[in-house]
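The questions below ask why certain terms are applied to this structure, and the answers set each value beside the rule behind the term.

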Amino acid sequence: MVNKVILIGNVGLDPEVRTTEGGVKVARVRLATTERLFDRASNETKEHTEWHTITLWRGLADVVDRFVRKGSQIYIEGRLRTREWMDKDNNKRYTTEILADTMNLLGRRSDNPASDGAPAPSYGAQPQGASYGQQGGYQQQTPRPAAAPQPQPAAPSVPADDPDDLPF
C-alpha cells in the first residue's frame with residue numbers, strides 16, 4: 001500500500017517549534033498550495049488555495065526553526081496521518097496532517113525571509129538545494145560538473161531519389 005504526499009507551497013505563518021518533555025524537537029508548519037484553473041465559459045482564471053498542516057520531527061524541525069519563515073517556499077514529501085483527540089467539551093475530534101519525511105528549501109536564499117540578506121550558500125536553491133531527511137541528516141546535493149558539448153557527426157547525405165527516404 002502507498003501513503004505518500006508530495007507538496008510544494010508557501011508557508012502561511014511562522015512555524016510553531018517546540019521541544020517535547022523527552023527533549024525531541026517538533027515543528028508544525030501551515031503550508032498553502034494554490035491551484036489555478038482556467039474557466040473557458042467565463043474566460044477567467046480561478047484560484048483554489050488548500051491549507052495543509054505539516055508536522056516535522058527532530059532534525060527536520062531544527063532546520064525549520066533555523067531557516068523557514070512565513071512566505072518561504074518549501075517542498076515536502078511525507079505521509080498522511082489522522083489523529084483523534086477530545087476537545088474541551090469532550091467531543092471526539094479528528095485532525096489529518098502530513099508527517100514529513102523529507103523537506104527541501106526552494107527559491108533563492110534572498111527570497112527567504114529567514115536569510116537576513118546573507119549571500120546565498122549552496123543549500124538555498126534548487127536543483128542544487130538542500131535535502132533534509134527524517135533521520136535528521138543534512139544531505140548536501142553536490143552539483144554535477146557540466147559536460148563538455150560533444151561534436152555531433154554530420155548526418156549522412158541521402159540521395160533525393162532514395163526509395164528508403166520516407167517522410168515519416
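Q: Which residues is G9 in contact with, once its neighbours within four places in sequence are left aside?
A: In this predicted model, G9 is in contact with L31, A32, T33, S72, Q73 and I74. Each of these counts as a contact because heavy atoms lie within 4.5 Å.

Q: How far apart are G9 and A32 in sequence and in space?
A: Along the sequence 23 residues separate G9 from A32, while the C-alpha to C-alpha distance between them is 5.3 Å.

Q: Why is G9 called buried?
A: The term applies under 20% relative accessible area, and G9 has a relative accessibility of 4%, so G9 counts as buried. This residue is found in strand β1, which covers residues 5–11. Over the protein chain, 31% of the 168 residues are buried.

Q: What makes β2 and β3 a pair of strands?
A: Pairing requires at least two bridges between the strands, and β2 (residues 16–19) and β3 (residues 25–39) have four bridges in the antiparallel sense, so the two strands pair. One residue with a bridge partner in β3 is V17, whose partner is A27. Five residues lie between the strands of this hairpin, in which G23 takes a positive phi near 85°.

Q: How many cavities of 30 Å³ or more does a search of the whole structure find, and which residues line the second largest?
A: The search finds two such cavities, and the second largest holds about 30 Å³ of space. Its lining is formed by E16, R18, V26, A27 and R28. Both β2 and β3 supply at least two residues of that lining, with β3 giving the most, at three residues.

Q: What makes three residues in the lining of the second largest cavity charged?
A: Asp, Glu, Lys and Arg count as charged, and the lining includes E16, R18 and R28, so these residues fall in that class. The lining also has two nonpolar residues and no polar ones.

Q: In what order do the elements of the protein chain run from the N terminus?
A: The order is β-β-β-β-α-β-β-β-β, which comprises one helix and eight strands.

Q: What share of the contacts between residues at least 6 apart in sequence joins residues at least 24 apart?
A: In the protein chain that share is 54%.

Q: What area does the protein chain expose, and which atoms supply 51% of it?
A: The exposed area is about 12,000 Å², and carbon and sulfur atoms supply 51% of it.

Key
Residues are numbered from 1 along each chain as its sequence is written. This is a predicted model: local features need pLDDT of at least 70, side-chain atom pairs count only at pLDDT 80 or more; totals for chains, interfaces and linings use all residues. Side-chain values use heavy atoms; hydrogens and water are left out. On a 1 Å grid over the protein atoms alone, a cavity is a set of points where a 1.4 Å probe fits but cannot get out, and a pocket is an open set with protein on both sides within 12 Å along at least five of seven lines; lining residues have an atom within 4 Å of a point. Grid points are joined across faces, edges and corners, and a volume is the space filled by probe spheres set on the points. Buried means under 20% relative accessible area, exposed over 50%, partly exposed in between (1.4 Å probe, protein chains only). Accessible areas come from the Shrake-Rupley method with a 1.4 Å probe; for residues, only the protein chains shown count as cover.
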